[in-house]
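Here are a few short exercises to work through with the model open in your viewer. Try each task before you read its solution.

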Amino acid sequence: MKAVLFDLDGVITDTAVYHYKAWKALAAKIGIEIDEAFNEQLKGISRMDSLESILAKGSKLDAYSEEDKLALATEKNDLYKTMIQQMTPEDILPGINDLISGLKAKGMRLGLASASQNGPMILEKLGLKDTFDEIVDPAQLKAGKPDPEIFLTGAQDLGFKPEECVGIEDAAAGVDAINAAGMVSIGVGNEQTLQKATTVVPDTASLSAALVERVWRE
Ligand code: B16
Ligand code: MG
């Protein structure tokens with residue numbers, strides 16, 4: 001094992017809850033109701049793909065022009081950005097700082113494979129700006145998760161083969177992306193939702209450098 005590729009939202013920090021709240025408010029405004037079960041499908045999915053999925057749920061996919069959709073996505077993002085303004089290093093999820101330092105002590109290289117265009121800003125707020133050796137820019141990708149492109153790009157940027165890397169994800173689409181990239185996958189969250197992962201742990205506090213290495217070796 002040479003490198004670990006991290007998802008951001010739901011793994012390093014709990015922004016997943018803010019994405020959900022912002023989409024729920026935006027959806028309600030246009031007469032569409034979404035719940036937590038539906039939200040699982042949005043995790044790891046790009047902003048525009050998430051909007052299309054919500055519009056399809058409300059049978060309103062054809063009701064908006066591309067310009068309207070862009071305005072709706074911007075409105076959600078503005079609301080989301082307001083919600084995350086107050087984030088500090090205290091918002092790093094339990095176990096993540098120890099995991100990062102443990103992996104670094106083992107000489108592992110670290111990459112960020114987040115679909116979020118707000119990733120760099122969030123890392124700055126968390127005080128993790130200089131922690132990652134490579135940060136994949138999701139705006140440069142042709143396909144989002146579950147396509148493996150983001151993880152393959154991360155491995156390539158770090159200079160390693162996919163089989164030398166482990167990916168950590170909280171979303172089913174993200175686990176599918178890691179697996180399709182030919183990497184070992186660790187899911188954080190519900191065992192049922194993330195059943196395709198090589199290993200699932202219930203929460204970030206259960207992660208450790210030793211566990212990641214063990215899962216890779218198995
Ligand atoms: P933004 P991840 C993903 O981040 C989120 O899970 C997903 O809910 C969000 O729509 C996507 O980023 C895009 O985020 O609107 O900030 O560009 O889980 O891949 O770190
Ligand atoms: Mg995530």
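## Exercise 1: the annotated binding site

In this predicted model, an unreviewed UniProt entry puts the feature "binding site" at D7, D9, E169 and D170. Work out how these positions are arranged in sequence and in space.

Solution. Start with the sequence: the four positions are spread over 164 residues. Next, turn to the C-alpha atoms: the largest distance among these positions is 8.8 Å. So much for the sequence gap: they cluster in space.

## Exercise 2: the two "active site" residues

The unreviewed UniProt entry also lists D7 and D9 under "active site". Find where each one sits, decide whether D7 is buried or exposed, and do the same for D9.

Solution.

Step 1, location. D7 lies in the loop between strand 1 (3-6) and helix 1. D9 is in the loop between strand 1 and helix 1 too.

Step 2, burial. The cut-off for buried is 20 or more other C-beta atoms within 10 Å. D7 has 30 C-beta neighbours inside 10 Å, so it counts as buried. D9 has 23 other C-beta atoms within 10 Å, so D9 is buried as well.

Step 3, contacts. Skip the neighbours within four places in sequence, and D7 is in contact with G44, A113, S114, I168, E169, D170 and G174. Among these partners are E169 and D170, which the UniProt record also gives as "binding site" positions. With the same kind of neighbours left out, D9 contacts T15, A16, H19, S114 and S116.

## Exercise 3: E169

Which element holds E169, and which residues does E169 touch?

Solution. First, the element: E169 belongs to strand 4 (residues 165-169). Then count around it: 29 other C-beta atoms fall within 10 Å, and therefore E169 is buried. Finally, ignoring residues up to four places away in sequence, E169 touches D7, V11, G44, G174, V175, I178, S185 and G187.

## Exercise 4: the shell around ligand 1

How many residues surround ligand 1, and which are the closest?

Solution. The shell has 20 residues, and the closest are L8, D9, S114, A115 and S116. The elements giving two or more residues to this shell are helix 1 (16-29) and helix 3 (47-57). Sort the shell by type and you get six nonpolar, ten polar and four charged residues. To link back, D9 is among the closest residues and carries the "active site" label in the UniProt record.

Key: Residues numbered from 1 in each chain as written. Chains lettered and ligands numbered in written order. Predicted model: local features only at pLDDT ≥ 70, side-chain atom pairs only at ≥ 80, totals over all residues. Near = placed C-beta within 6 Å. Helix = DSSP H or I, 4+ residues; strand = E, 2+ residues; numbered from the N terminus. Nonpolar A, V, L, I, M, F, W, Y, C, P; charged D, E, K, R; others polar. UniProt positions renumbered as here; feature names shortened; annotations may be inferred. Buried ≥ 20, exposed ≤ 12 C-beta atoms within 10 Å, placed from the backbone. Contact = placed C-beta atoms within 7 Å.
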